[in-house]
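Visitor: I would like to learn how to read a structure like this one, feature by feature. Could we begin with the general idea and then turn to the case itself?

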Amino acid sequence: MGLFRKMREVFHDDWCSQCTAEMEVIRRKLYAMPMTVGHYVAHPEPEYYRKNLTPVSKKADIPTGQYACGIIAYRCPSCGHRAVKLDIFLPVRGIEKRERALYFDAGEMDDFLWQM
Ligand SMILES: [Zn+2]
């Protein structure tokens with residue numbers, strides 16, 4: 001079950017892990033990460049992102065050579081389950097060089113994502 005769910009998330013990250021319905025995007029935000037090219041350190045824990053991400057209004061606001069993190073919050077219209085995807089990438093001349101994606105679905109990022 002755990003492996004099946006993980007594999008499904010790789011291919012269909014907008015599917016509900018509880019009932020497989022297609023989830024709606026309810027929030028989408030972009031942040032700058034305090035990490036530069038060549039110095040990427042993986043942080044699996046949500047606390048890191050709550051403490052260190054700086055909101056930006058557009059990709060061009062991310063300084064050259066600095067990592068960015070897009071956050072997409074999903075909600076399942078069928079069962080109400082919510083999930084958050086963190087998409088970590090390095091913007092390089094207009095393209096996004098993906099580093100990794102993280103998923104949190106126990107509300108770890110809620111107060112951070114809905115603040116202000
Ligand atoms: Zn669902």
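Guide: A residue is called buried when its relative accessible area is under 20%, exposed when that area is over 50%, and partly exposed in between. Please keep in mind that this is a predicted model.

Visitor: With that cut-off in hand, is His81 buried or exposed?

Guide: His81 has a relative accessible area of 14%, and because buried means under 20%, His81 is buried. This histidine is found in the loop between S3 and S4, and its side chain makes a polar contact with the side chain of Ser17 at 3.3 Å. Leaving aside neighbours within four places in sequence, the residues in contact with His81 include Cys16, Cys76, Tyr74 and Asp105.

Visitor: Which residues are the protein donors of the zinc ion?

Guide: A donor is an N, O or S atom within 2.8 Å of a metal such as this one. Here the SG atoms of Cys16, Cys19, Cys76 and Cys79 serve as the protein donors, lying 2.3 Å from the zinc ion. Along the chain, these donors follow the spacing C-x2-C-x56-C-x2-C. Cys19, in the loop between helix H1 (2-11) and strand S1 (24-36), and Cys76, in the loop between strand S3 (66-75) and strand S4 (82-92), are 57 residues apart, and the pair links distant parts of the chain.

Visitor: Why is the arrangement of the 4 donor atoms around the zinc ion called tetrahedral?

Guide: Four donors count as tetrahedral if all angles lie between 85 and 135 degrees. The 4 donor atoms around the zinc ion subtend angles of 102 to 121 degrees, so the arrangement is tetrahedral.

Visitor: Are Cys19, Cys76 and Cys79 buried or partly exposed?

Guide: Cys76 counts as buried, with a relative accessibility of 0%, whereas Cys19 is partly exposed at 30% and Cys79 is partly exposed at 42%. Cys69, likewise, is buried at 0% relative accessibility.

Visitor: How many disulfides does a search of the whole structure find?

Guide: The search of the whole structure finds 0 disulfides.

Visitor: How should I read a nonpolar core, and which residues touch the most other members in the largest one?

Guide: A nonpolar core is a set of buried residues of certain types, joined through side-chain atoms within 4.5 Å. In the largest such core, which has 19 residues, Met33, Tyr49, Leu53, Ile71, Leu86 and Met109 touch the most other members. The elements that give two or more residues to this core are S1, H2, S3, S4, strand S5 (95-104) and helix H3 (110-113). A second, separate core of 7 residues includes Ala21, Met23, Tyr74 and Ala83.

Visitor: Which residues are in contact with Tyr49, leaving aside its neighbours within four places in sequence?

Guide: Tyr49 is in contact with Met33, His43, Leu86, Ile88, Leu102, Met109 and Phe112. His43 itself lies in the loop between S1 and helix H2 (46-52) and is buried at 18% relative accessibility, while its side chain makes a polar contact with the side chain of Glu45 at 3.1 Å.

Visitor: Where does Gly70 lie?

Guide: Gly70 lies in strand S3 and counts as buried at 12% relative accessibility. Once neighbours within four places in sequence are left aside, Gly70 is in contact with Lys29, Leu30, Lys85, Leu86, Asp87 and Phe89. Gly70 and Ala101 are 31 residues apart in sequence and 9.5 Å apart in space, C-alpha to C-alpha.

How values were computed. Residues are numbered from 1 along each chain as its sequence is written. This is a predicted model: local features need pLDDT of at least 70, side-chain atom pairs count only at pLDDT 80 or more; totals for chains, interfaces and linings use all residues. Side-chain values use heavy atoms; hydrogens and water are left out. Donors are N, O and S atoms within 2.8 Å of the metal (3.2 Å for Na, K and Ca); water is not among the atoms, so sites may look incomplete. Four donors count as tetrahedral if all angles lie between 85 and 135 degrees; four count as square planar and six as octahedral if opposite donors are over 155 degrees apart and all others between 65 and 115; anything else is irregular. Helices (H or I, at least four residues) and strands (E, at least two) are DSSP runs, numbered from the N terminus. Buried means under 20% relative accessible area, exposed over 50%, partly exposed in between (1.4 Å probe, protein chains only). A polar contact is a pair of N or O atoms within 3.5 Å; within protein, one must be able to donate a hydrogen and the other to accept it, and residues adjacent in sequence count only if both atoms are side-chain atoms. Contact means heavy atoms within 4.5 Å. A disulfide is a pair of cysteine sulfur atoms within 2.5 Å.
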